[in-house]
Amino acid sequence: MDLTNRDVREITMSKDIKKQKLLDEVKDEKPVKSKILTLPILIIGFLVIVFGVYMLYAMTHMHVTSKTGTSTVKTSSGSEKASSNTKKYVAGKDYKITYSNTNLISKEQINKALGANYLNDINSLMSTKKPSGLDMAKVEVYYNKDKNLLVERLFKNGYKGNQDSARVVYDISQGKIPDNGADTDSHYLDLPLVYTWEKLTK
């Protein structure tokens, strides 16, 4: 078979074209392969960063928690000391409360009046420490039915005779101690005694 120069050129060209196409295909595959290899590297890198951030957070959080735990222990031990300093007073042993003439006024009304100036706080009544301690030996409450008042007589530790240390008037209808201090000199001896608190321990 005789091949002309033209045929040779065509064969050579077709071979060159095929070769070029093959080279192009190989070139096209390289980026795909590099993309396939890059993806796992990116995923691994992302996971390393996430894990690092998590570890950093965990270590910081643990440090803060341990500090908080320490301060909680200190606080609770402080409150234990405070509670050990606050004595538990026992009714009938350390103090005595007597309600009388309950047909005239309810215990609830009396307790509300006492609460208005903290005279129902046993720890405060018993304590001699300032500023919270009232240092009381006795509290008497008289009921003035006509004026709807309670007259509270306060006897501090060391009082003499029947001389009260202070007197407080509570207006039941207003539900408070009157602004003008109303009738602190009112006669209480002819009024019925409705409540007595007495300190029994010295």
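Okay, let's start with a question: leaving aside its neighbours within four places in sequence, which residues is Val 139 in contact with? Looking at the structure, you get Leu 114, Leu 119, Leu 125, Arg 153, Leu 154, Tyr 195, Thr 196 and Trp 197. Keep that list in mind, and keep in mind too that this is a predicted model.

Let me back up to the overall layout. The protein has 3 helices and 5 strands, and from the N terminus the order is α-β-α-α-β-β-β-β. Of the 202 residues, 23% are buried. The protein exposes about 15,000 Å², with carbon and sulfur atoms supplying 60% of that. And if you take contacts between residues at least 6 apart in sequence, 53% of them join residues at least 24 apart.

Now, the core. In soluble globular proteins, nonpolar side chains tend to be buried together. Here the largest nonpolar core has 21 residues, and the ones touching the most other members are Val 139, Leu 150, Val 194, Tyr 195 and Trp 197. So who contributes? Two or more residues come from each of α2 (107–115), α3 (122–126), β2 (136–144), β3 (149–156), β4 (166–171) and β5 (193–199). Strand β2 gives the largest share, 4 residues.

While we're on β4, have a look at Val 169, which sits in that strand. Val 169 counts as buried because its relative accessibility is 2%, below the 20% cut-off. Val 169 is 28 residues from Val 141 in sequence, and their C-alpha atoms are 9.4 Å apart.

Helix α2 is a nice one to rotate on screen. Ile 110, Ala 113 and Leu 114 are buried there. They span an arc of only 100° around the axis, so they sit on the same side of α2. Turn to the other side of α2 and you find Glu 108 and Lys 112, both exposed. As for what covers the buried residues of this helix, that includes β1 (95–99), β2, β3, β4 and β5.

Okay, charges. There are 5 salt bridges in the whole structure. One of them joins Glu 140 and Arg 153, at 3.1 Å from N to O. That pair ties strand β2 to strand β3, across 13 residues of sequence, and both partners are buried. In fact Arg 153 is at 0% relative accessibility, which is why it counts as buried.

Arg 153 also meets Asp 164 in a salt bridge, at 2.8 Å. Asp 164 is in the loop between β3 and β4, 11 residues away from Arg 153, and at 11% relative accessibility Asp 164 counts as buried too. Then Asp 164 makes a salt bridge with Arg 167, with the closest N and O atoms 3.0 Å apart. Arg 167 is at 24% relative accessibility, so that one counts as partly exposed. Put it together and you have a network of salt bridges linking Lys 138, Glu 140, Arg 153, Asp 164 and Arg 167.

Last one: what about Lys 199, in strand β5? Lys 199 is buried yet has no salt bridge, and the nearest side chain of opposite charge, Asp 135, is 5.1 Å away. For a salt bridge, the nitrogen and oxygen have to be within 4 Å. Leaving aside neighbours within four places in sequence, Lys 199 is in contact with Asp 94, Tyr 95, Met 126, Met 136, Ala 137 and Asn 157.

That's what I have.

Note on methods:
Residues are numbered from 1 along each chain as its sequence is written. This is a predicted model: local features need pLDDT of at least 70, side-chain atom pairs count only at pLDDT 80 or more; totals for chains, interfaces and linings use all residues. Side-chain values use heavy atoms; hydrogens and water are left out. A nonpolar core is a set of buried Ala, Val, Leu, Ile, Met, Phe, Trp, Tyr and Cys residues joined through side-chain atoms within 4.5 Å. Buried means under 20% relative accessible area, exposed over 50%, partly exposed in between (1.4 Å probe, protein chains only). Contact means heavy atoms within 4.5 Å. Lys and Arg count as positive and Asp and Glu as negative; His and the chain ends are not counted. The arc is that of the directions from the helix axis to the C-beta atoms. Accessible areas come from the Shrake-Rupley method with a 1.4 Å probe; for residues, only the protein chains shown count as cover.
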